[in-house]
Amino acid sequence: MTKNSSASQFIKPLFGAVCVALLALALTRPATASARTPAINLSSTEVTMLDSLKGLSQKLRARMVTPSKAAGIAVLRKLFGDSLPHRAGVYAADTGASFHFITMRPFADKVKGRIGAYRIGFFPNERRVVRSAAYTNPEGFVEVTADNQNTSVSEHFRLRDFLTHDQVQVWPKYLVLREPLVDKLELVIAELGRIGIPVSRLRIMSGFRTPQYNAEGVGAGGRAQDSRHQYGDAADVYVMNGARDWMSDLNGDGRIDSRDARVIAAAAERVEQKNPQLVGGVGVYRATSAHGPFVHIDVRGTRARWGDL
Ligand SMILES: [Zn+2]
């Protein structure tokens, strides 16, 4: 399965459901002055479609759309006027603001490797022919501001969790993030819970990496030139259950090492077995002086395994 086909599997049901969600919102809007307004009266079919927005985990809390796709959705235009298709931003999809639609900046807004003051760099496919459709340029970028950075993208994750760790003072920042990654991370948390390992936080050590930032670490033992982190569908994670920002002792053997990372990797393996559409990479990394053990998880669309498994 290529990345494109898995992406379209997400996107097609999404737009049908977007229409239903926003139509429902439009219909009930006049009544929302009362805080006790009853819930939207949806048919069972519509409820099913709304649930499809929340992913396999049912824990997604945001969906990202490109302006060109948003412009083609009549209900979006009706609700938000001409501002939505063209203006990047985070829009509450329901009255409780428990779900958001995020209109991205199109890829073409990146000029000379940057948008505004934020440096992004050049994607592999801007420089050369890439190995597969999964490595074509992303469709667009989420514009993350100081004000919207805490927007939940799912039950356990916010936009800011996935940002590249550089240009600390520059706002807005730009982010590539794919919903299937967030969905998979939520399912890993649920799977760990299922086997009796509580997760107070699945810490994202590294989520999106701009090509420019990624290139700084390319080399032997370092980052891959074609790293999935540049495509918004990879995250390096560990379970952080205490105050210390470090992996927790997940297997209870009194040590914190690769064996704890393998517990997360095994959970990711089971998530893929149950949800083949989320297949991707899983890599286990040992601790160094700079970081504790962690697991790389991605949704590249083909199976890949490496590291201290
Ligand atoms: Zn990684």
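Y135 lies in the loop that runs between α6 (124-127) and β7, where helices (H or I, at least four residues) and strands (E, at least two) are DSSP runs numbered from the N terminus. The model is a predicted one, in which local features need pLDDT of at least 70 and side-chain atom pairs count only at pLDDT 80 or more, while totals for chains, interfaces and linings use all residues. Residues are numbered from 1 along each chain as its sequence is written. With 18 C-beta neighbours inside 10 Å, Y135 counts as partly exposed, because a residue is called buried if 20 or more other C-beta atoms lie within 10 Å of its own, exposed if 12 or fewer, and partly exposed in between, with C-beta atoms placed from the backbone. When residues up to four places away in sequence are not counted, Y135 touches P124, N125, V130 and D226, a contact being defined by C-beta atoms, placed from the backbone, that lie within 7 Å. Of these partners, D226 is 91 residues away from Y135 in sequence, yet the two are 7.7 Å apart in space, C-alpha to C-alpha.

The protein chain as a whole has nine helices and 13 strands. Buried residues account for 40% of its 309 residues. Among the contacts in the protein chain with a separation of 6 or more, 66% are between residues 24 or more positions apart.

The strand that follows the loop of Y135 is β7, and β7 belongs to an open sheet of three strands in the order β4-β7-β8, with antiparallel pairing; two strands are taken to pair if DSSP finds at least two bridges between them. In this sheet β4 (105-106) and β8 (173-175) stand at the edges, each with a single partner strand, so that one side of each has no neighbour in the sheet. Strand β7 (residues 140-144) is joined to β8 by three bridges in the antiparallel sense, and V142 stands opposite L175 in β8.

A further open sheet of three strands has the order β1-β3-β2, but here the pairing is mixed. Its edges are formed by β1 (62-65) and β2 (89-92), each of which has a single partner strand and therefore one side without a neighbour in the sheet. On average, neighbouring strands of this sheet are turned by 25° against each other, direction ignored, where axes are lines fitted to C-alpha atoms, for helices over the stretch in contact, and angles run from 0 to 180 degrees between N-to-C directions. Four bridges link β2 and strand β3 (residues 100-103) in the antiparallel sense, with I102 in β3 as the bridge partner of V90.

Strand β10 pairs with β9 and with β12. Five of the six residues of β10 are buried, and the strand is thus mostly covered. Strand β9 (residues 202-206) and β10 pair in the antiparallel sense over four bridges, and the bridge partner of I204 in β10 is V237. Four bridges also join β10 to strand β12 (residues 294-298), again with antiparallel direction, and V237 stands opposite V295 in β12. V237 is therefore matched with I204 and with V295.

The loop between α8 (211-215) and β10 (234-239) holds R223. This residue is partly exposed, with 17 other C-beta atoms within 10 Å. Residues up to four places away in sequence left aside, R223 touches N214, G217 and V218.

Definitions and conventions
Two residues are in contact if their C-beta atoms, placed from the backbone, lie within 7 Å.
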